[in-house]
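User: Please take a close look at the largest pocket in this model. Which element gives the largest share of its lining, and what else surrounds the space?

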Amino acid sequence: MQQPLKPVEEIANGSVEERIMRLAGEASIEVNVQDLKDLQSSRPFLAPGTKILVTFLPKQEWSASEAACLALKQAGFAPVPHIPVRLLRDAGMLDRVFAGLIEKGQAQEVLLLSGDYPHPHGPYACVEDVLRTGVLKQFGLQRVCFAGHPEGHPHVSIEEIRRAERAKAQSAAA
């Protein structure tokens, strides 16, 4: 299970090996569906219950994410699938994606991100659009992760990034 983040002062103290171990213990782990071939050989290096984020690559099918989540769950990990909301065409697709990832894939948490697509494929241009639907509550999710670009993004103003950060935090708290 992942530990809470530590203050920078604590991380800076200790030997190089200790600092690397602390960093590795707090880092997120991400796989894409092609990485599942290495799942069994990775098990000795990851504690049971470790959160593993499952990417959603262009042209990937949602069923591949479902299968990846299920394989990770069966291997003893906690899958957290990416959901790029700009790819969702309508409310029906939103429900099908969540149902597949949570019911078939056994995910108990998701990572919502707008997705690096120039235009939404449906009514969801940003994460807040999905949060307003109530889909998290509908599927009984207690936790959600958000992605962002605190360092900036070449196609999004820093003002919009900060606005989106505040909106996601407010929506999640509601």
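Analyst: Start with α8. This helix supplies 6 residues, the largest share of the lining of the largest pocket. Keep in mind that the model is predicted. The pocket holds about 690 Å³ of space. In total, 27 residues line the pocket. Closest to its centre are Ser 114, Gly 115, Asp 116, His 149 and His 153. Three elements give two or more residues to the lining: strand β3 (78-84), helix α6 (127-131) and helix α8 (158-173). Now the chemistry. The lining has 13 nonpolar residues, along with 7 polar and 7 charged ones.

Next, a helix pair from the same model. Helix α4 covers residues 62-74, and helix α5 covers residues 91-104. They pack at an angle of about 20 degrees, with axes 8 Å apart. Angles under 35 degrees count as roughly parallel, so α4 is roughly parallel to α5. The crossing of α4 past α5 is right-handed. On the α4 side, the contact is made by Trp 62, Ser 65, Glu 66, Cys 69 and Leu 70. On the α5 side, Met 93, Val 97, Gly 100, Leu 101 and Lys 104 take part. By class, this contact has 6 nonpolar residues, 2 polar and 2 charged.

Technical notes
Residues are numbered from 1 along each chain as its sequence is written. This is a predicted model: local features need pLDDT of at least 70, side-chain atom pairs count only at pLDDT 80 or more; totals for chains, interfaces and linings use all residues. Side-chain values use heavy atoms; hydrogens and water are left out. On a 1 Å grid over the protein atoms alone, a cavity is a set of points where a 1.4 Å probe fits but cannot get out, and a pocket is an open set with protein on both sides within 12 Å along at least five of seven lines; lining residues have an atom within 4 Å of a point. Grid points are joined across faces, edges and corners, and a volume is the space filled by probe spheres set on the points. Helices (H or I, at least four residues) and strands (E, at least two) are DSSP runs, numbered from the N terminus. Ala, Val, Leu, Ile, Met, Phe, Trp, Tyr, Cys and Pro count as nonpolar, Asp, Glu, Lys and Arg as charged, and the others, Gly among them, as polar. Axes are lines fitted to C-alpha atoms, for helices over the stretch in contact, and angles run from 0 to 180 degrees between N-to-C directions. Angles under 35 degrees count as roughly parallel, over 145 as roughly antiparallel, 65 to 115 as roughly perpendicular and the rest as oblique. A crossing is left-handed if the near helix is turned anticlockwise from the far one by less than a right angle, and right-handed if clockwise. Contact means heavy atoms within 4.5 Å.
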